[in-house]
Amino acid sequence: MIFKDIKPIKQKLFTIIKFISIPLITSAIGLELWNIQTVTTNSQLPTILTPALILAHIALSAHFVEGIIAAFYAPAQNHNPIKYAIYTFFVGTVALLELWENRNN
């Protein structure tokens, strides 16, 4: 069967996404803080960073919503809702998929 080797591939892909997501979301937080600092000091971010700032807004918003969803469903899986929400905020959709995969097993 062609699909019998999907589980190891999925685990490797999830691990790679986790390692990439954490520094990217941390960088997005840093970019947002820099943007707030520039607004408060009446300066400007370099215009080349505008697309990155837009992506940071979108990513942080999506991860925030995912964290809220994780906090809601985590107790059903015997996870601490605050810890799992923070984990989901930094990792993203992969953490939700892991949570729901454990729920179905």
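**Reading a four-helix chain**

Modeller: The protein chain in this predicted model has four helices and zero strands, and from the N terminus on its elements run α-α-α-α.

Biologist: How spread out is the protein chain when set against a compact globule?

Modeller: The radius of gyration comes to 17 Å, whereas the globule rule gives 13 Å for 105 residues, and because the value is well over that figure, the protein chain is more spread out than a compact globule. Taken along the principal axes, the box that its C-alpha atoms fill is roughly 60 × 35 × 15 Å.

Biologist: How should I read the packing of two helices, and at what angle do α1 and α2 cross?

Modeller: In general, two packed helices are described by the distance between their axes together with the angle between those axes. Here, helix α1, residues 6-40, and helix α2, residues 50-73, have axes that come within 9 Å and cross at roughly 115°, and the crossing is left-handed.

Biologist: Which residues of α1 meet α2?

Modeller: On the α1 side they are Ser 21, Ile 25, Ala 28, Ile 29, Leu 31, Glu 32 and Asn 35, which meet Ala 52, Leu 53, Ala 56, His 57, Ala 59, Leu 60 and His 63 of α2. Sorted by class, this contact has nine nonpolar, four polar and one charged residues.

Biologist: What share of the residues is buried, with under 20% relative accessible area as the cut-off?

Modeller: Of the 105 residues in the protein chain, 27% count as buried, while the chain exposes about 7400 Å², of which carbon and sulfur atoms supply 71%.

How values were computed
Residues are numbered from 1 along each chain as its sequence is written. This is a predicted model: local features need pLDDT of at least 70, side-chain atom pairs count only at pLDDT 80 or more; totals for chains, interfaces and linings use all residues. Side-chain values use heavy atoms; hydrogens and water are left out. Axes are lines fitted to C-alpha atoms, for helices over the stretch in contact, and angles run from 0 to 180 degrees between N-to-C directions. A crossing is left-handed if the near helix is turned anticlockwise from the far one by less than a right angle, and right-handed if clockwise. Contact means heavy atoms within 4.5 Å. Ala, Val, Leu, Ile, Met, Phe, Trp, Tyr, Cys and Pro count as nonpolar, Asp, Glu, Lys and Arg as charged, and the others, Gly among them, as polar. The radius of gyration is taken over C-alpha atoms; the globule rule is 2.2 Å times the number of residues to the power 0.38. Buried means under 20% relative accessible area, exposed over 50%, partly exposed in between (1.4 Å probe, protein chains only). Accessible areas come from the Shrake-Rupley method with a 1.4 Å probe; for residues, only the protein chains shown count as cover.
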